[in-house]
Amino acid sequence: MISSKRFEGKVAIVTGSTQGIGYSISHRLGLEGASVVISSRNQKNVDEATQKLKSQGIQVLGLVCHVSNAQQRKDLIHKTLEKFGKIDVIVSSVAVNPITGKRITTIMGTQESILDKMWEVNIKAPILLMKALAFELGPEVRVNCVASGVVPTRFSEIITTSEALMKIVLDSSKLKRLGTPEEIAAAAVFLASDDASYITGETLVQLSEPKFQSSMATNASSSSASAPVSASSSSSAGGSRVSMSPFASTLNSVVYVKLDRVNYTSPGVLNSFQISVVMILKAMGKRFEGKVAIVTGSTQGIGYSIAHRLGLEGASVVVSSRNQENVDEATQKLKGQGIQVLGLVCHVSNAQHRKDLIHKTLEKFGKIDVIVSNAAANPMAGKSIATIMGTQESILDKMWEVNIKAPILLMQALASELGPEVRVNCVASGVVPTRFSEILTTSETLMKIILDSSQLKRLGTPEEIAAAAAFLASDDASYITGETLVKMIRSKRFEGKVAIVTGSTQGIGYSIAHRLGLEGASVVISSRNQENVDEATQKLKGQGIQVLGLVCHVSNAQQRKDLIHKTVEKFGKIDVIVLNAAVNPMAGKSIATIMGTQESILDKMWEALASELGPEVRVNCVASGVVPTRFGEIITKSETVMKIILDSSKLKRLGTPEEIAAAAVFFGF
């Protein structure tokens, strides 16, 4: 039963919304108070879906719209404005799957007409719709994506009706089941709501983190959630995630949200985002009614905001801190807002305190549904920033004890209560203005670096982080586990920089150039093959990257000079050089011993670059190991050799070009 009204007074367009995921998103938005505009290219489907929504008290306008038709896109916008006067949310859910109900074919066996249709509807049409909506939505728009994975709808029946394919899909899912349209809708609606006001450019992966994806978080406390138990985790540290492109699946919903203009009182602090209790109670439902939640480190800052939010949504909350006075103050504040709360002293690195926390919670409430591991130590808070080499051993020990080991031991102690089915997710909050981060927020120099790298040009607030944590802990996130929700908006670390990457039209080199470009660099790619250069250049340009493509065989002295000269001629400077070009004469042949290698060209390359780079140059190397590219196929195609490699690997898998690129880009910053 949806009781929140987060979209009261809002108007939302959902394309492809008469069936499946699109209909579920429209339904959920409508139940939460939005006036919804649904569309499909079939009048009968529009009429049926419109009547279903109206019968549930939802204000709805149904329109025929084939999104690849320019006039119908214009009509969709015009009629929405004519009826409701504005547009607040657009969800591009429409897509085509020309092989629905037919046999699956390889990319090489796909007809050109099918590829053209997928391009027209799945990719180009949403872009053109957004261009047409630009005036209405204004310049400040948040854009996020839900990568749903396989969901049992008509769209995916070719997969769901195949036992062999379903076994592959389910074996790669941590939750061992498919998601539902309603679960995808819950995620899309979260991203469209003010709860996600500090999230943009994010792909929320709902495919239960299959084996071909990975997620990483730095210094992020872990916590848990499940069915029936749910939870989340938060951290002041940043995080990064390696995932597939949003266009890797046609089962994605892209959510665009118009942002109201805001006034700033100080850098990163929103004047208009001071959430009052009255506003919260009016806007939200009671998703945690009857649930019990423990939040560690919860008497101030982000932890308090999470406990506050969970309590306002109906949870009985257990707040804790190592300071009795802070516990008493926080407990009284929460009780004063009608929240059922138990306050306990708990230093999470103390084994007895952890046991008491669990025992007293069970004694008071009889169960535990949610645990948020928010407690963390920052021994440098309020002091000067030290290098890792200048950090005292006692400080390192304290951070290990509190930030990493304690949450793990707490989860071990809770294992019998939470049971085997636990969802675990993380919120990587980035820098939030609390006492914990005051050494950063009180420095103009550091704040400029932080705000320049943020797409929203501001810091988040504890309330915004709490909203994300509450979402991950709720049943709305029932199909999300192993996910790091990155709220430190993606950086532009290489804005204004120029980078040369040799051997960069395929594989690792291309991934490095791609990553540098996405982070703001102007990139120069090269290869000895003109056709490869042209193809890679067009791909990068298609993603808005400023790129120069040149033919360069790095062993050719003149071509090396031309590479440098034309780069300087085009961009005026060189900031980064990545020497990725290499030869593997054995590629595709038998493996030989190393009895004879060509003369190194590194000295010559550095000599040619010396005048441009100057005397102060950092030089680092990424030893990638075996990565599945054409270069290493003689190894990756051999079961015997692969077994040796995987047995000697701690992660028991090969790396990806994108992972190597991430490491190279780190060294380049």
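**Ala 468 in helix H15 and its neighbour across the chain.** In this predicted model, Ala 468 has its place in helix H15, which covers residues 462–473 (helices are DSSP runs of H or I with at least four residues, strands are runs of E with at least two, and both are numbered from the N terminus). Ala 468 is buried, with a relative accessible area of 0% (buried means under 20% relative accessible area, exposed over 50%, and partly exposed in between, with a 1.4 Å probe and protein chains only). Although Ala 468 and Ala 196 are 272 residues apart along the chain, their C-alpha atoms are separated by 6.7 Å. Residues are numbered from 1 along each chain as its sequence is written, and side-chain values use heavy atoms, with hydrogens and water left out. As the model is predicted, local features need pLDDT of at least 70 and side-chain atom pairs count only at pLDDT 80 or more, whereas totals for chains, interfaces and linings use all residues.

**Phe 190 and the nonpolar core around it.** Not counting residues up to four places away in sequence, Phe 190 touches Arg 6, Asp 195, Ala 196, Ile 199, Ala 467, Ala 468, Phe 471 and Leu 485 (contact means heavy atoms within 4.5 Å). Phe 190 and Phe 471 are also among the residues with the most contacts inside the largest nonpolar core, together with Ile 25, Leu 29, Ile 306, Leu 310 and Val 317; this core has 60 residues (a nonpolar core is a set of buried Ala, Val, Leu, Ile, Met, Phe, Trp, Tyr and Cys residues joined through side-chain atoms within 4.5 Å). At least three of its residues come from domain 1 (11–94 + 142–205), and at least three from domain 3 (285–486), the bounds being those of an automatic or database domain assignment. A second, separate core has 20 residues, including Val 292, Leu 344, Ala 375 and Leu 410.

**Arg 28 and Glu 32, a salt bridge between buried residues.** The side chains of Arg 28 and Glu 32 meet in a salt bridge with an N to O distance of 2.8 Å (a salt bridge is a side-chain nitrogen of Lys or Arg within 4 Å of a carboxyl oxygen of Asp or Glu). Side chains of opposite charge can pair when their charged atoms come close. Arg 28 counts as buried at 11% relative accessibility, and Glu 32 counts as buried at 0%.

**Two further salt bridges, Glu 183 with Arg 177 and Lys 643 with Asp 647.** In the pair formed by Glu 183 and Arg 177, the closest N and O atoms are 2.8 Å apart; Glu 183 is buried, with a relative accessible area of 10%, while Arg 177 counts as partly exposed at 29%. The closest N and O atoms of Lys 643 and Asp 647 are likewise 2.8 Å apart, and because these two residues are four residues apart in helix H21 (residues 639–647), about one helical turn separates them. Lys 643 counts as exposed at 54% relative accessibility, and Asp 647 is partly exposed at 48%. Elsewhere, salt bridges that share partners join Arg 6, Arg 28 and Glu 32 into one network, and a search of the whole structure finds 12 salt bridges.

**Trp 400 and a nonpolar surface patch.** Trp 400, Ile 404 and Ile 408 make a nonpolar surface patch of about 280 Å² (patches are made of residues with over 30% relative accessible area and no salt bridge, like charges being joined within 9 Å and nonpolar side chains, namely Val, Leu, Ile, Met, Phe, Trp and Tyr, within 5 Å; accessible areas come from the Shrake-Rupley method with a 1.4 Å probe, and for residues only the protein chains shown count as cover). Trp 400 lies in helix H12, which covers residues 393–418, and is partly exposed, with a relative accessible area of 43%.

**Ser 511 in helix H16, beside Pro 657.** Ser 511 has its place in helix H16 (residues 507–518) and counts as buried at 8% relative accessibility. The C-alpha atoms of Ser 511 and Pro 657 are separated by 5.9 Å, with their positions 146 residues apart along the chain. For the setting of these views, the secondary structure of the protein chain comes to 22 helices and 24 strands, and 47% of its 669 residues count as buried.
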